[in-house]
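Trainee: I would like a close look at one part of this model, with the residues named and the numbers given. Please start from a pairing of strands and work outwards.

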Amino acid sequence: MNLVIIDYGSGNLRSVENAFKNAIKKNNLKFKIQITDKLNTISKADHLVLPGVGSFHDCKKGLEDIEGLINLLTNEVINKRKKFLGICVGMQLMANYSLEKHRTDGFCWLDGFFKKIKAKGLDYLGKNYKIPHMGWNNLQFEHDDHPVLENIFENEQFYFVHSYALESKKNNQIIATTNYIQKIPAIIGKENYIGVQF
């Protein structure tokens with residue numbers, strides 16, 4: 001099996017690669033990992049991973065700068081139904097748009113948009129909430145039967161660094177949430193594609 005981590009100039013690629021290498025070794029899986037921006041290599045992958053660090057607008061521009069990449073991703077994921085994982089901004093790009101900086105369209109694979117988290121209220125220590133939401137949080141499962149949750153437990157901690165959260169009326173595409181000032185979608189997805197905010 002070929003797993004491709006897409007390099008479009010955004011994301012801690014080596015960190016993502018090392019996480020997958022560790023998981024593959026620990027679970028005795030047979031996967032080949034490649035980091036690339038080459039469309040022909042991406043099209044031959046069995047599994048696609050899109051990391052993202054920075055602003056939604058900058059990440060979208062990085063993808064647009066590689067001619068044909070966004071159309072290829074949509075064809076591979078939506079039409080050919082290849083497995084896809086979006087991480088952080090890679091997840092956010094799956095939605096219709098984001099309001100970060102200014103409105104920027106996403107891939108429109110999932111209904112909803114990203115808007116800034118409201119920093120109102122006090123945390124459990126009585127201190128004002130801060131944005132970005134940064135730190136370790138657990139998850140609350142919205143759909144216990146989703147296969148991505150198979151070896152994940154609600155008491156486990158996941159690291160978040162973000163200022164924007166998904167707003168969506170389609171609850172069936174929200175797999176897990178976390179709480180920070182408000183209920184924040186942490187894992188979203190549909191069919192063969194998922195995204196994680198952490």
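In which sense do strand S1 and S3 pair, and over how many bridges?

Mentor: This is a predicted model, and the description below should be read with that in mind. S1, residues 2–6, pairs with S3 in the parallel sense, over three bridges. Within that pairing, isoleucine 5 stands opposite valine 49 in S3. Helix H4 packs on the sheet there, touching S1, S3, strand S4 (83–87) and strand S14 (193–196). The direction of H4 makes about 135° with that of S3.

The sheet itself is open and has eight strands, in the order S2-S1-S3-S4-S14-S13-S12-S9, with mixed pairing. Its edge strands are strand S2 (32–36) and strand S9 (140–141), each of which pairs on one side only. As general background, strands of a sheet pair through backbone hydrogen bonds, either parallel or antiparallel.

Valine 49 is a useful residue to stay with. It lies in strand S3 and has a relative accessible area of 2%, so it counts as buried. Leaving out residues up to four places away in sequence, valine 49 touches Leu3, Val4, Ile5, Ile6, Val16, Phe20, Leu85 and Ile87. One of these, leucine 3, is 46 residues apart from valine 49 along the chain, yet their C-alpha atoms are separated by 7.5 Å.

Next comes the helix that packs on the sheet. Glutamate 76 lies in H4 and is buried, with a relative accessible area of 1%. The side chain of glutamate 76 makes a polar contact with the side chain of lysine 82, at 2.5 Å. Not counting residues up to four places away in sequence, glutamate 76 touches Ser43, Leu48, Arg81 and Lys82.

H4 also has a part in the nonpolar core. The largest such core has 54 residues, and Tyr8, Leu93 and Leu139 touch the most other members. Helix H4 (residues 69–79) supplies the largest share of this core, five residues. As for leucine 139, its contacts beyond four places in sequence are Ile152, Glu154, Glu156, Phe158, Phe160, Ala176, Thr177, Ala186, Ile187 and Phe198.

Helix H3 (residues 56–64) can be treated in a similar way. Its buried residues are Phe56, Cys59, Lys60, Gly62 and Leu63. These residues are on the same side of H3 because they cover an arc of only 155° around the axis. In general, an α-helix has 3.6 residues a turn, so residues three or four places apart point the same way. The cover over the buried residues of H3 includes strand S3 (47–50), H4, helix H5 (89–92), S5 and strand S6 (104–105). S3 and H4 thus appear again, as part of that cover.

S5 leads to another set of pairings. Strand S5 (residues 97–98) pairs with strand S7 (residues 113–116) in the parallel sense, over two bridges, and tyrosine 97 stands opposite phenylalanine 113 in S7. S7 is also joined by four bridges to strand S11 (residues 164–167), and these two run antiparallel. There, lysine 115 has alanine 165 in S11 as its bridge partner.

Alanine 165 also gives a link to strand S13, where glutamine 182 is found. The C-alpha atoms of glutamine 182 and alanine 165 are separated by 9.4 Å, with their positions 17 residues apart along the chain. Beyond four places in sequence, glutamine 182 is in contact with Ile117, Lys118, Ala165 and Glu167. Its relative accessibility is 21%, so glutamine 182 counts as partly exposed; the cut-off for buried is under 20%.

Some backbone details remain. Most residues other than glycine have a negative phi, and most peptide bonds are trans. Isoleucine 181, in the loop between strand S12 (174–180) and strand S13 (182–190), has a positive phi, near 70°. Isoleucine 181 is partly exposed, with a relative accessible area of 27%. Glutamate 191, in the loop between S13 and S14, also has a positive phi, near 55°. At 55% relative accessibility, glutamate 191 counts as exposed. Finally, the peptide bond that joins isoleucine 131 and proline 132 is cis, with omega about 10°. Proline 132 is placed in the loop between S7 and strand S8 (133–137).

Definitions and conventions
Residues numbered from 1 in each chain as written. Predicted model: local features only at pLDDT ≥ 70, side-chain atom pairs only at ≥ 80, totals over all residues. Heavy atoms only, no water. Core = buried A, V, L, I, M, F, W, Y, C linked by side-chain atoms within 4.5 Å. Buried < 20%, exposed > 50% of the residue type's maximum accessible area, 1.4 Å probe, protein only. Contact = heavy atoms within 4.5 Å. Pairing = 2+ DSSP bridges. Arc of directions from axis to C-beta. Polar contact = N/O pair within 3.5 Å; in protein donor to acceptor, adjacent residues only side chain to side chain. Axes fitted to C-alpha atoms, helices over the stretch in contact; angles between N-to-C directions.
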